[in-house]
Amino acid sequence: PADPRAEECLYMNARCYYEVSPNYMLEQSYTEQCLESIQLFVNTYPDSKYINDANIMLDDCRVKLEEKAYYSADLYYRMGTYNAAASAFENLLRDYPGSKDAELAMYMKVKSSYLYALNSIPGKQPQRFQIAISAYKDFIKRYSKSQFLNEAENIYEASLKNLNKLKTNEQEQE
């Protein structure tokens, strides 16, 4: 630790993980190791001449993990695993609230929740349509002027219609 080259060695360790970090579609353990190494370097040498490079690497790694999270959530959606997609989009929004894809992720959460409710067994549908309605209300609070507004409103109206239809059928059976 007292060696004059310790700072450069710690920086180069982080740099090596950065260089082997794969693109966002692949497994991200090297990216996570890179983040840990960069954080250790920044904490140890906050006034280093390498600090700007370290911050750039840190930002790149975070963007890569954010893209991975969106890609994974979208993959669940495309596979038709709507409950997992809604959860993954929710996790994306929780982990990366400032994401460039936050609006799309929130819309996809609404859509995934609705499709999950629609494809559920009748006994579970009322509760799941309520979840889709709640997801829509959260979406509207945050993005009242969204480019996805019309589609989200259609999903909301369909959820209400299905929920009312289920309640009417339930009352008729009693």
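**Figure 1. Lys100 and its charged neighbour Asp101.** With a relative accessibility of 62%, Lys100 counts as exposed in this predicted model. A side-chain salt bridge links Lys100 to Asp101, with N and O 3.1 Å apart. Here is the general idea to keep in mind: side chains of opposite charge can pair when their charged atoms come close. How many salt bridges does the count come to? The count comes to six, and two others appear in the next two views.

**Figure 2. Arg5 and Asp3 form a salt bridge.** The side chains of Arg5 and Asp3 meet here, at 3.2 Å from N to O. Are these two residues buried, partly exposed or exposed? Arg5 counts as exposed because its relative accessibility is 55%. Asp3, with a relative accessible area of 36%, is partly exposed.

**Figure 3. Arg15 and Glu19 pair along helix α1.** The closest N and O atoms of this salt bridge are 3.1 Å apart. Why are Arg15 and Glu19 separated by about one helical turn? They are four residues apart in α1, which spans residues 6-20, and so about one helical turn lies between them. Arg15 is partly exposed, since its relative accessible area is 27%, while Glu19 is exposed.

**Figure 4. Helix α1 has a buried face.** Start with the length of the helix: the 15 residues of α1 should span 21 Å at 1.5 Å a residue, and the 22 Å between its end C-alpha atoms agrees with that. Which residues of α1 are buried? They are Ala6, Leu10, Tyr11 and Ala14. If you look down the axis of α1, these buried residues fall within an arc of 140 degrees, so they line one face of the helix. Cys9 and Glu19 are exposed on the other side of α1. As for partners, the buried residues of α1 pack against α2 (29-44) and α3.

**Figure 5. Helix α4 and the helices that cover its buried residues.** Helix α4 runs through residues 82-95 and has 14 residues. From its first C-alpha to its last it reaches 20 Å, close to the 20 Å expected at 1.5 Å a residue. The buried residues in α4 are Tyr82, Ala85, Ala86, Ala88, Phe89, Leu92 and Leu93. Seen down the axis of α4, they fall within an arc of 165 degrees, so they line one face of the helix. What covers these buried residues? The cover includes α3 (51-79), α5 (102-118) and α6 (125-142).

**Figure 6. The largest nonpolar core and a second, separate one.** The largest nonpolar core has 30 residues. Tyr77, Phe89, Tyr107, Val110, Tyr114, Phe129 and Phe139 are the residues with the most contacts inside this core. Helices α3, α4, α5, α6 and α7 (149-173) each supply at least two of its residues. Which helix gives the largest share? That is α5, with nine residues. For a closer look, pick Tyr114: leaving aside neighbours within four places in sequence, Tyr114 is in contact with Phe129, Ala132, Ile155, Ala158, Ser159 and Asn162. A second core, separate from this one, has 15 residues, among them Leu10, Ala14, Phe41 and Leu58.

**Figure 7. Met106, a buried residue of helix α5.** Met106 has its place in helix α5. Buried or exposed? Met106 counts as buried because its relative accessibility is 12%, below the cut-off of 20% for buried residues. When neighbours within four places in sequence are left aside, the contacts of Met106 are Leu93, Asp138, Phe139, Arg142 and Tyr143. You can also compare sequence with space here: Met106 and Tyr136 are 30 residues apart in sequence, and their C-alpha atoms are 8.6 Å apart.

**Figure 8. Arg128, a buried arginine with polar contacts.** Arg128 sits in helix α6. Its relative accessible area is 18%, so Arg128 is buried. Which side chains make polar contacts with that of Arg128? One is the side chain of Tyr116, at 3.1 Å. Another is the side chain of Ser120, in a polar contact of 2.9 Å. Setting aside neighbours within four places in sequence, Arg128 is in contact with Ser113, Tyr116, Ala117 and Ser120.

Note on methods. Residues numbered from 1 in each chain as written. Predicted model: local features only at pLDDT ≥ 70, side-chain atom pairs only at ≥ 80, totals over all residues. Heavy atoms only, no water. Expected span 1.5 Å × (residues − 1). Buried < 20%, exposed > 50% of the residue type's maximum accessible area, 1.4 Å probe, protein only. Arc of directions from axis to C-beta. Contact = heavy atoms within 4.5 Å. Core = buried A, V, L, I, M, F, W, Y, C linked by side-chain atoms within 4.5 Å. Salt bridge = Lys/Arg side-chain N within 4 Å of Asp/Glu carboxyl O. Polar contact = N/O pair within 3.5 Å; in protein donor to acceptor, adjacent residues only side chain to side chain.
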